[in-house]
Amino acid sequence: METLRVELQDIGGTAWWARILTTLASQSGSVQFRFVGRVADEVRYSSSTFASPTPISPVPPEEKWAPGMTRSLEELLSDIRRDGWTQAGRASEPWSLTFERN
């Protein structure tokens, strides 16, 4: 049985060069995010990116001020379900989902 976890990923946090590129390419004061589906340490799925204002404190993004967030999550979930994964759990954040597959 495999377990897949959906996570929110700061694109700029993936590598030093990604941080520079997202900073230069983004609107002033915004961060680029995407959703990823991980099995163990391996990213198997990733969504399109969306911008969110850089928070003063570590607050998760919400659709009302991070337009495109819901669309990105739906895109990822569609890919995951199409490949036969079944949802097995949910945490407090809308993207904090767990899937399983034989």
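This note goes through a predicted model, from the overall fold to single residues.

1. Overall layout. The chain holds two helices and six strands. Read from the N terminus, the order of elements is β-α-β-β-β-α-β-β.

2. Burial and surface. The chain has 102 residues, and 33% of them count as buried. About 6,200 Å² is exposed. Carbon and sulfur atoms supply 53% of that area.

3. Contact range. Take the contacts between residues at least 6 apart in sequence. Of these, 48% join residues at least 24 apart.

4. Pairing of the terminal strands. Strand S1 covers residues 2-10 and strand S6 covers residues 97-101. The two pair in the antiparallel sense, over four bridges. Leucine 4 faces phenylalanine 99 of S6 as its opposite residue.

5. The other partner of S6. Strand S5, residues 86-90, also pairs with S6. The sense is antiparallel, again with four bridges. Here glycine 89 stands opposite threonine 98 in S6. A hairpin of six residues leads from S5 to S6.

6. Serine 47. This residue sits in the loop between strand S3 (42-46) and strand S4 (50-53). Is serine 47 buried or exposed? Its relative accessible area is 7%, under the 20% cut-off, so serine 47 counts as buried. A polar atom of its side chain lies 2.9 Å from the backbone nitrogen of phenylalanine 35. Beyond residues up to four places away in sequence, serine 47 touches Arg34, Phe35, Ser72, Glu75 and Leu76. Phe35 thus appears both in that contact list and in the 2.9 Å approach.

7. Alanine 40. The loop between strand S2 (30-39) and S3 holds this residue. Its phi is near 60°, a positive value in a residue other than glycine. Most residues other than glycine have a negative phi. Alanine 40 has a relative accessibility of 67%; the cut-off for exposed is over 50%, so alanine 40 falls in that class. A reviewer may wish to look at this loop residue in the model.

8. Arginine 71. Helix H2, residues 69-82, contains arginine 71. Which residues does arginine 71 contact, leaving aside neighbours within four places in sequence? They are Ser48 and Thr49. The C-alpha atom of arginine 71 is 9.1 Å from that of phenylalanine 50, with the two positions 21 residues apart along the chain counted as their separation.

9. Two loop residues side by side. Serine 47, in the S3 to S4 loop, is buried at 7%. Alanine 40, in the S2 to S3 loop, is exposed at 67%.

Note on methods
Residues are numbered from 1 along each chain as its sequence is written. This is a predicted model: local features need pLDDT of at least 70, side-chain atom pairs count only at pLDDT 80 or more; totals for chains, interfaces and linings use all residues. Side-chain values use heavy atoms; hydrogens and water are left out. Buried means under 20% relative accessible area, exposed over 50%, partly exposed in between (1.4 Å probe, protein chains only). A polar contact is a pair of N or O atoms within 3.5 Å; within protein, one must be able to donate a hydrogen and the other to accept it, and residues adjacent in sequence count only if both atoms are side-chain atoms. Contact means heavy atoms within 4.5 Å. Accessible areas come from the Shrake-Rupley method with a 1.4 Å probe; for residues, only the protein chains shown count as cover. Two strands pair if DSSP finds at least two bridges between them.
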